[in-house]
Structure formats: structure tokens, C-alpha cells
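Here is a friendly note to read alongside the model. Have the viewer open as you go.

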Amino acid sequence: MNPATCSSGNYEYNKLPLSLEELYKGCIIKFRNSRTVFDYRGATNTVEEILKIEVEPGWKKDTVITFPGKGNQVRRKSAATDLVIVVEEKPHPIFKREQNDLIITHKISLLEALTGKTIKVTMLDGREIEVSVTDIVKPDTEIVVQDEGMPSASKPGKKGNLRINFDIIFPSQLSTLQKCQLKKIFSEVDSYS
């Protein structure tokens with residue numbers, strides 16, 4: 001990580017972009033920190049060191065990590081500023097995060113929405129889970145799978161939920177025969193309601 005540094009008073013602020021996978025599993029991030037310090041003669045020197053951040057599973061956006069005295073020395077005979085790292089969450093191509101819940105939108109055909117389907121979801125840790133969709137899926141249907149969301153950083157062992165929403169794919173066209181068959185089927189369904 002070579003973050004862009006912003007100074008503000010007694011600290012220097014850096015952004016640490018992390019993927020949902022890194023925030024799910026936790027990881028160790030090592031980065032080179034370059035800072036300016038004064039030597040005993042008053043000349044400035046650049047000091048480089050490797051710093052380490054142990055990302056805990058479940059950390060959220062805006063989590064703050066502080067390295068006291070690891071920023072630049074602004075004036076001679078003054079203490080070096082603190083280095084503050086703020087976690088940013090990179091966008092994920094499949095999942096969205098809300099607190100500790102993971103949200104996914106799954107495409108499903110109209111036939112599957114009406115008759116059911118078993119869907120497979122590959123989780124952030126690589127596990128594949130199967131979810132049976134047995135009820136009719138409407139545009140606002142959401143299936144909640146307990147304890148398959150993000151880990152909780154504040155409550156170890158606890159997880160949020162996986163929330164599955166659906167994007168129903170309608171056929172682009174139907175033949176006259178198919179339309180007639182559907183009308184017949186749905187008129188029979190309506191008579192039983």
C-alpha cells in the first residue's frame with residue numbers, strides 16, 4: 001500500500017481500500033511508510049519503515065487504525081505526528097454490504113420464479129451454499145439466510161445474514177400458441193383462488 005497522505009494538525013491521514021473478501025476473512029497488510037524527521041543537527045531526513053496492520057474479520061468502512069508518532073516531524077524538537085489509517089470498502093461485483101448483512105441480486109427466469117429452483121451462491125470465503133426457492137418469487141421477494149453474512153468485529157462468532165433479492169427475467173417474446181396455453185393455465189389458477 002502506498003497511500004496518499006493528507007496532513008491535519010497532529011496527525012496524517014491515509015485511506016486503506018480493502019475488498020469484501022479481506023474484510024470477511026481478515027488479513028495482514030504490510031506497507032512501506034516514508035516520513036520526514038529532523039536529525040540532531042536540524043537537517044531533515046527521510047525514514048522508511050515497514051508497518052503492519054492486522055485486519056480483523058468484520059471490520060467496516062471508516063474503521064480507524066492509529067500509529068502514534070509514525071507521521072512526519074513538522075518542526076525540529078517536536079514529536080512526530082500520528083499516522084492514521086482509515087478503512088475504505090472496495091465495491092464488490094456480486095455482494096453489497098449493509099451493516100453485517102450481505103445482499104445479492106440473483107437472476108431468475110419467469111418459469112423458475114413460478115415453479116421454484118435451487119440456487120447456488122459462492123460466499124466470500126469460497127464456500128458454495130444452496131438455497132431452495134420453493135414459493136413463487138415476486139419482484140419484491142427477499143430470502144434471508146441466517147448467519148451467512150459478514151462476521152461481527154464487535155461480537156466474535158456472530159455473523160449477519162445473507163439477503164437474496166431477485167431479478168426476474170421475462171421472455172422477450174411468446175408465440176400465439178404459448179400465449180393461449182398461458183391464458184388457459186392462469187385462468188385455471190385464478191378459478192382455484
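The points below go from the annotated domain to the strands, the charged pairs and the surface.

1. **Ground rules.** This is a predicted model, in which local features need pLDDT of at least 70 and side-chain atom pairs count only at pLDDT 80 or more, while totals for chains, interfaces and linings use all residues. Residues are numbered from 1 along each chain as its sequence is written, and side-chain values use heavy atoms, with hydrogens and water left out.

2. **The annotated domain.** An unreviewed UniProt entry carries the annotation "domain: Chaperone DnaJ C-terminal" for residues 15–171. UniProt positions follow the numbering used here, feature names are shortened, and annotations may be inferred rather than shown by experiment. Over residues 15–171, the chain is 8% helix and 48% strand, with the end C-alpha atoms 45 Å apart. Helices (H or I, at least four residues) and strands (E, at least two) are DSSP runs, numbered from the N terminus.

3. **Strand E8 and its partners.** Which strands does E8 pair with, and in what sense? Strand E7 (residues 96–98) pairs with strand E8 (residues 101–109) in the antiparallel sense over three bridges. Strand E12 (residues 162–169) pairs with E8 in the parallel sense over eight bridges. Pairing here requires that DSSP finds at least two bridges between two strands. Along the E8 and E12 pairing, Ile108 stands opposite Ile168 in E12.

4. **The E7 and E8 hairpin.** Two residues lie between the strands of this hairpin, and Gln99 takes a positive phi near 55 degrees. Please look at the bridge here too: Glu98 has Asp101 in E8 as its bridge partner.

5. **Charges around Arg163.** A salt bridge is a side-chain nitrogen of Lys or Arg within 4 Å of a carboxyl oxygen of Asp or Glu. Glu98 and Arg163 meet in one such bridge, at 3.3 Å from N to O. This pair links distant parts of the chain, with Glu98 in strand E7 and Arg163 in strand E12, 65 residues apart. The side chain of Asp101 also makes a polar contact with the side chain of Arg163, at 3.3 Å. A polar contact is a pair of N or O atoms within 3.5 Å; within protein, one must be able to donate a hydrogen and the other to accept it, and residues adjacent in sequence count only if both atoms are side-chain atoms. Glu98, Asp101, Glu142 and Arg163 are linked in a network of salt bridges.

6. **Burial in that network.** Are Asp101 and Arg163 buried or exposed? Asp101 counts as buried because its relative accessible area is 18%, and Arg163 is also buried, at 18% relative accessibility. Glu98 is partly exposed, at 40%. The classes are buried under 20% relative accessible area, exposed over 50%, and partly exposed in between (1.4 Å probe, protein chains only).

7. **Other salt bridges.** The whole structure has 15 salt bridges. One of them joins Glu88 and Lys15, whose closest N and O atoms are 3.7 Å apart. That pair links distant parts of the chain, namely Glu88 in strand E6 (residues 82–89) and Lys15 in strand E2 (residues 11–18), 73 residues apart. Glu88 is partly exposed at 29% relative accessibility, and Lys15 is partly exposed at 40%. Arg127 forms a salt bridge with Glu148, the closest N and O atoms being 2.7 Å apart. Because Arg127 lies in the loop between strand E9 (117–122) and strand E10 (128–133), and Glu148 in the loop between strand E11 (142–145) and E12, the pair ties together parts that are 21 residues apart in sequence. Arg127 is partly exposed at 31% relative accessibility, whereas Glu148 is buried at 15%.

8. **The nonpolar patch.** Leu114, Ile136, Leu174, Leu182, Ile185 and Phe186 form a nonpolar patch on the surface, together offering about 490 Å² of accessible area. Patches take residues with over 30% relative accessible area and no salt bridge, joining like charges within 9 Å and nonpolar side chains (Val, Leu, Ile, Met, Phe, Trp, Tyr) within 5 Å. The areas come from the Shrake-Rupley method with a 1.4 Å probe, and for residues only the protein chains shown count as cover. Helix H3 (residues 176–192) contributes the largest share of the patch, three residues. Phe186 sits in H3 and is partly exposed at 37% relative accessibility.
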